[in-house]
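Got the viewer open? Load the model, pick a cartoon view, and we'll walk through it stop by stop.

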Amino acid sequence: TYLGESAFCGCNLNGHLVLHDNIKFIGGYTFYSCEFRGELILPQDLETIGEFAFSGPYYPPYSFKDSNFFSGELKLPASLKELQQCAFAGCSRISGTLEIPKSLTAIQSRAFADCSSIEKLILPSTMDVIKNGAFAYCYGLGSIVCNAVNPPYVESDAFAGVAKDNFAVEVPEASVAAYRTAQGWSEFKRIVAHRELVCRPYFAT
């Protein structure tokens with residue numbers, strides 16, 4: 001149920017990484033700089049991911065060398081309560097949609113820095129703070145949906161390097177004005193009301 005700090009650090013493992021569902025704690029640096037190539041399957045009961053747990057080598061302030069080549073979408077379990085700093089930094093081949101579970105109220109510093117292939121970010125209604133450099137240099141971002149009614153506090157450089165004028169940030173309709181003046185969010189050029197697309201079957205008459 002517990003993977004200790006630095007347990008597999010620098011092991012040059014290859015292929016998919018599948019962790020069984022009873023694991024609840026992954027310590028700091030557990031899979032740091034392991035050079036994985038393939039999919040990452042996280043445990044359904046996981047509660048804590050420690051600092052630098054899956055990241056590549058770190059070069060301050062935000063630069064991470066590509067090392068862990070996890071590919072495909074990263075599915076964070078609904079049970080996750082703590083995601084520490086730099087947890088997935090430098091995992092540049094994680095792609096598609098990254099959805100943050102409601103159990104997380106904060107994104108820690110540089111947690112996803114240099115995850116340059118993530119295309120869409122969905123933040124829950126419970127999100128409270130996005131810390132320094134959390135999504136720095138996520139160049140592939142082309143969509144952000146934030147479901148929090150009150151704009152989460154965005155620290156400096158949380159979205160450094162993201163093309164803030166290339167896409168719309170979608171937020172609750174009643175909160176559009178608040179986001180447009182909130183620290184960090186005001187840097188995005190387009191903030192619009194989020195409306196879920198509902199598909200209904202068509203019946204010919």
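Before the first selection, a definition: two strands count as paired if DSSP finds at least two bridges between them. Strands are themselves DSSP runs (E, at least two residues), helices are runs of H or I with at least four, and both are numbered from the N terminus. Keep in mind that this is a predicted model, where local features need pLDDT of at least 70 and side-chain atom pairs count only at pLDDT 80 or more, while totals for chains, interfaces and linings use all residues. Residues are numbered from 1 along each chain as its sequence is written, and side-chain values use heavy atoms, with hydrogens and water left out.

**Stop 1: the whole chain**

Colour by secondary structure and you should find one helix and 18 strands. Of the 205 residues, 49% are buried; that word means under 20% relative accessible area, with exposed meaning over 50% and partly exposed in between (1.4 Å probe, protein chains only). Switch on a surface: the accessible total is about 9,900 Å², and carbon and sulfur atoms own 48% of it. Those areas come from the Shrake-Rupley method with a 1.4 Å probe, and for residues only the protein chains shown count as cover. A contact here means heavy atoms within 4.5 Å. Among contacts with a separation of 6 or more, 50% are between residues 24 or more positions apart.

**Stop 2: parallel strands**

Select 96-99, which is β11, together with β13: the two run parallel over four bridges. To find the register, pick Gly96, whose bridge partner in β13 is Ile118. Now add β15, which also pairs with β13 in the parallel sense over four bridges. Here Ile122 has Val145 in β15 as its bridge partner.

Next, hunt down an open sheet of three strands, ordered β12-β14-β16 with parallel pairing. Which strands stand at the edges? They are β12 (106-107) and β16; each has a single partner strand, so one side of each is left without a neighbour in the sheet. Strand β14 (129-130) is joined to β16 by two bridges, and Ile130 stands opposite Val154.

**Stop 3: the nonpolar core**

Stay with Ile130 and show side chains. Ile130 is among the residues with the most contacts inside the largest nonpolar core, alongside Phe54, Phe88, Phe112, Phe159 and Trp185; this core has 56 residues. By core we mean a set of buried Ala, Val, Leu, Ile, Met, Phe, Trp, Tyr and Cys residues joined through side-chain atoms within 4.5 Å. At least two core residues each come from β13 (118-123), β15 (143-146), β17 (168-171), α1 (176-181) and β18 (190-193). The largest share, three residues, is from β13.

A second, separate core holds seven residues, including Tyr32, Phe52, Cys86 and Ala160. As background, nonpolar side chains tend to be buried together in soluble globular proteins.

Now centre on Phe159. Beyond its neighbours within four places in sequence, Phe159 is in contact with Leu121, Ile130, Phe135, Ile144, Val154, Lys164, Trp185 and Phe188.

**Stop 4: Thr48**

Jump to Thr48, in strand β6 (48-49). Thr48 counts as buried, at 11% relative accessibility. Leaving out residues up to four places away in sequence, Thr48 touches Lys24, Phe25, Ile26, Leu80, Glu82 and Gln84.

**Stop 5: a loop with two positive phi values**

Most residues other than glycine have a negative phi. Go to the loop between β3 (25-26) and β4 (37-38) and select Tyr29: its phi is positive, about 65°. Tyr29 is partly exposed at 25%. In this loop you'll also find Ser33, with a positive phi of about 55°. Ser33 counts as buried, at 17% relative accessibility.

**Stop 6: the cysteines**

How many disulfides are there? Zero, taking a disulfide as a pair of cysteine sulfur atoms within 2.5 Å. Check Cys9: the closest cysteine sulfur, in Cys34, is 6.6 Å away, too far for a bond. For Cys34, the closest is in Cys11 at 5.2 Å, again too far. Cys9 is partly exposed at 34%, whereas Cys34 is buried at 0%.

**Last stop: Asn150**

Finish in the loop between β15 and β16 (153-154), where Asn150 sits. Is Asn150 buried or exposed? Exposed, with a relative accessible area of 60%. Draw a C-alpha to C-alpha distance to Val176: the two are 26 residues apart in sequence and 9.9 Å apart in space.
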